[in-house]
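I opened this structure to look up a few things and kept short notes. The entries are in the order in which I went through them.

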There are 2 protein chains.
Amino acid sequence: MSIQIGIVEDQARIRENLKTRLGFFEEIEIVLEAENADNALQQLQKFSKLTLPQIILMDIEMPGKSGIEATHIIKKEYPEIDILIQTVFENEDKIFQSIQAGASGYLLKDDPIKKYVDAIKELVNGGAVLSPSIAIKVMKFVKNEQSSKVDKVKEAQEEFSLSDRELEILQGIVEDLTEPQIGEKLFISPHTVRTHIKNIYKKLHVHSRASAVRLAIKRGLAQ
Amino acid sequence: MSIQIGIVEDQARIRENLKTRLGFFEEIEIVLEAENADNALQQLQKFSKLTLPQIILMDIEMPGKSGIEATHIIKKEYPEIDILIQTVFENEDKIFQSIQAGASGYLLKDDPIKKYVDAIKELVNGGAVLSPSIAIKVMKFVKNEQSSKVDKVKEAQEEFSLSDRELEILQGIVEDLTEPQIGEKLFISPHTVRTHIKNIYKKLHVHSRASAVRLAIKRGLAQ
DNA sequence: GTTTACATACCCGATTCGGGGTATTCTTGA
DNA sequence: TCAAGAATACCCCGAATCGGGTATGTAAAC
């Protein structure tokens with residue numbers, strides 16, 4: 001039972017090349033080819049549910065709708081189709097937009113055809129495939145999203161040159177404590193709290209509690 | 001020039017198995033083997049900078065320090081060493097902890113040896129490698145982290161039963177506009193703004209701008 | 001010794017906010 | 001028709017914040 005795939009690629013030379021080379025693999029059957037997204041979408045309408053391609057190789061840069069937009073639409077109307085992006089783009093924008101659109105794989109155009117075949121097989125088995133240079137960017141993203149909370153606070157504290165005391169006062173602001181309440185908590189006069197707040201606002205370049213809270217949360221100074 | 005690797009794995013049978021099978025590849029040279037993290041760290045101290053292994057195959061579950069902890073330490077003291085996790089664990093906890101610790105690859109123990117060799121080569125070339133069933137989890141994570149901003153706002157708006165107008169007023173609060181300024185912007189009286197704010201606070205269960213801003217940002221109602 | 005940063009403390013007037021209310025009109029759904 | 005929600009508008013008053021200042025003492029670095 002061969003794997004039915006589609007190829008969406010605006011450049012005829014590349015499309016024919018892919019078709020030819022993938023055609024050598026008897027476990028792969030090309031059932032759709034399109035030169036742009038709209039053409040692909042039109043063709044998809046003519047398939048019955050049972051004969052839809054299982055995987056579509058999708059270019060990104062095409063006239064009319066981009067491959068990313070097409071991915072959005074296909075994943076919405078045909079969720080069972082897996083999209084394997086094939087592209088020259090290694091920049092993070094395109095990578096993350098593709099993932100967001102629902103792509104299950106991201107290969108580069110200069111990856112060897114063997115990699116394409118392996119990827120197609122993995123996708124059919126419910127996995128995902130990332131070219132190594134893409135995988136490293138994705139892992140970096142994951143690492144950054146999960147940076148230790150403590151480290152982030154320290155970094156931001158340094159960025160804004162806040163003293164430890166000022167960070168404590170800021171925490172009181174974020175918790176919506178009044179000046180006297182912060183004073184009570186830290187065993188200082190409300191007047192002292194007021195003075196610290198003025199200094200904090202100066203360092204953060206804000207003029208109100210609302211702004212201070214917003215910045216503190218967005219920049220990792222508080223939760 | 002062969003690739004120098006290390007193997008850290010507590011189970012002797014698996015360690016020997018890996019060693020034997022990888023030993024068949026002449027582009028790979030095993031220069032370190034350890035039954036646990038501490039042993040590996042001790043051995044690493046005896047290498048000169050020039051002879052350190054380029055890649056370490058790291059198990060996760062071991063007595064004493066886990067492979068994840070060891071990865072942390074190694075990436076800190078020997079940042080040029082790439083860590084390839086080899087493990088039975090497919091759960092997200094372990095995946096993300098490993099990535100956070102600095103691993104460049106994550107393979108499963110039942111992946112074929114060919115995949116190990118390919119992964120080793122890719123890591124040396126500066127890429128990263130994820131087993132397909134791991135890649136799909138990572139991509140899901142990325143997709144979730146990047147959920148459409150518009151969708152999130154709508155969901156949260158519904159969660160708090162805010163009207164469209166109330167959402168606009170809340171945006172004005174987040175932007176630190178005064179009541180008269182919000183009124184000017186939306187062509188209504190400051191009194192009207194005041195009334196909307198009261199309604200918003202009731203729905204959000206807050207009592208101040210600071211709290212409203214904090215909640216709005218944390219819950220996706222505003223940026 | 002001097003300077004800077006930090007922590008502490010205080011005063012004052014102006015402004016805004018917050019919460020207690022009041023009210024009318026329009027739209028939608030039962 | 002009625003009720004509820006939304007949008008609009010207004011009053012009152014006390015509380016709290018904000019920004020302009022003032023000041024002293026300590027510690028560390030030059």
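These notes cover the contact between two chains, then a pocket, then some single residues.

Entry 1, the model. I noted at the start that this is a predicted model.

Entry 2, the interface. I first asked how many residues each chain gives to the contact. I found 39 residues from chain A and 39 residues from chain B. Next I looked up the area: chain A and chain B bury about 3300 Å² between them. Carbon and sulfur atoms carry 64% of that area. On the side of chain A, I wrote down A:Q100, A:M139 and A:R214, which supply 19% of the area that chain A buries against chain B. No other three residues supply more.

Entry 3, pairs across the interface. I looked for charged pairs and got a count of 2 salt bridges between chain A and chain B. I noted one that joins B:K115 to A:E122, with the closest N and O atoms 3.0 Å apart. I also looked up polar contacts across the interface of chain A and chain B, and the rule finds 10 residue pairs.

Entry 4, the side of chain A that touches chain B. Which elements give two or more residues to this side? I listed helix 4 (92-101), helix 5 (113-124), helix 6 (132-145), helix 8 (164-174) and helix 11 (209-218) of chain A. Helix 6 of chain A gives the most, with 10 residues. By class, I have 17 nonpolar, 13 polar and 9 charged residues on this side.

Entry 5, the second largest pocket. I looked up its volume and found about 620 Å³ of space. Its lining has 25 residues. Nearest the centre of the pocket I found A:K115, A:D118, A:V129, B:K115 and B:D118. Both chains appear among the elements that give two or more residues to the lining: helix 5, strand 6 (129-130) and helix 6 of chain A, and helix 5 (113-124), strand 6 (129-130) and helix 6 (132-145) of chain B. Helix 5 of chain A gives the most to the lining, with 6 residues. I sorted the lining by class and got 14 nonpolar, 1 polar and 10 charged residues.

Entry 6, A:S2. Where does A:S2 lie? I placed A:S2 in the segment before strand 1 (3-8) of chain A. Leaving out residues up to four places away in sequence, A:S2 touches A:E26, A:E27, A:I28, A:E29 and A:Q54. With A:E29 there is a side-chain polar contact of 3.2 Å.

Entry 7, salt bridges over all chains. I recorded 30 salt bridges in the structure. One of them pairs A:D38 with A:K65, the closest N and O atoms being 3.0 Å apart. The pair links distant parts of the chain, 27 residues apart. A:D38 is in helix 2 (residues 37-45) of chain A, and A:K65 is in the loop between strand 3 (55-58) and helix 3 (67-77) of chain A.

Methods
Residues numbered from 1 in each chain as written. Chains lettered and ligands numbered in written order. Predicted model: local features only at pLDDT ≥ 70, side-chain atom pairs only at ≥ 80, totals over all residues. Heavy atoms only, no water. Contact = heavy atoms within 4.5 Å. Buried area = accessible area lost by both parts, 1.4 Å probe. Salt bridge = Lys/Arg side-chain N within 4 Å of Asp/Glu carboxyl O. Polar contact = N/O pair within 3.5 Å; in protein donor to acceptor, adjacent residues only side chain to side chain. Nonpolar A, V, L, I, M, F, W, Y, C, P; charged D, E, K, R; others polar. 1 Å grid on protein atoms, 1.4 Å probe; cavity = no way out; pocket = protein on both sides within 12 Å on 5 of 7 lines; lining within 4 Å. Points joined across faces, edges and corners; volume = space filled by probe spheres on them.
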